[in-house]
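Dear colleague,

I am passing on the structure we talked about, and below it you will find notes on the contacts between charged side chains. Please read them with the model open beside you.

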Amino acid sequence: MSDLVRLPGEGRRLVTKAQEVTFKATGAQGSSASVFEVVVPPGFDTGGHYHERSEEFFYILEGELELLAFEPAERTDDWLDWESVDGDRVVRAPAGSSMFVPPNTPHAFRNATGEPVRMLFQSNPSPEHEHYFEEIAEIWSAGDSVDPEAVRRMRSRYDVRQITPMRFEPPAAAAPGANAS
């Protein structure tokens, strides 16, 4: 079968503790945009950031994310508290919600639930975000802890201008025997 048709579960897949990304359409296929299916684990927060050249589109397939896409009246250390001059605030977005992000627009998403969220993610131009996902997967897989400076350097190479920190704080596992009958 042609690589232009992707059935469920098909496509190159990168998996780490902080991300699961399946490549659906890439620059190698002739696409001007990169398209991914992304599973966002509980506790993952991209941090507030923007791109000078790239535009992005997110569509939530399953689950709920907190989304932000606006310039705040004041940039503080926590994007969850941001408000625009027009009164825009962070939105709790269920399945079926989308977010379009033009260049130079601060944005972020966070999975504050206890369940993974599945979304479709498109980034233009291709293949910049393809290389970003490949490299961040290497960093996340390098050992027990992630070097924040390596993440910062890598993100700056791929047009990610970080405003607030990226975080990954999975919910604490239930204590052993807590649900024993």
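A network of salt bridges links Glu52, Arg53, Glu128, Asp159 and Arg161. Please keep in mind that the model is predicted, and that the count of salt bridges in it comes to 18.

Among the other pairs, Glu135 and Arg157 meet through their side chains in a salt bridge, with 2.0 Å from N to O. Glu135 belongs to helix α1 (residues 128-141) and Arg157 to helix α2 (residues 148-157), so this salt bridge ties together parts that are 22 residues apart in sequence.

Helix α2 also holds a pair of its own, Glu149 and Arg152, which are three residues apart and therefore separated by about one helical turn. Their side chains form a salt bridge at 2.6 Å, N to O. Glu149 counts as partly exposed, at 34% relative accessibility, and Arg152 is likewise partly exposed, at 46%.

The strands supply a further case, in which the side chains of Arg92 and Glu66 meet in a salt bridge of 3.7 Å, N to O. This pair links distant parts of the chain, since Arg92 sits in strand β8 (residues 91-94) and Glu66 in strand β7 (residues 64-69), 26 residues apart. Is each partner buried or exposed? Arg92 is exposed, because its relative accessible area of 52% is over the 50% cut-off, whereas Glu66, with a relative accessible area of 10%, is buried because that value is under 20%.

With best wishes

Key: Residues are numbered from 1 along each chain as its sequence is written. This is a predicted model: local features need pLDDT of at least 70, side-chain atom pairs count only at pLDDT 80 or more; totals for chains, interfaces and linings use all residues. Side-chain values use heavy atoms; hydrogens and water are left out. A salt bridge is a side-chain nitrogen of Lys or Arg within 4 Å of a carboxyl oxygen of Asp or Glu. Helices (H or I, at least four residues) and strands (E, at least two) are DSSP runs, numbered from the N terminus. Buried means under 20% relative accessible area, exposed over 50%, partly exposed in between (1.4 Å probe, protein chains only).
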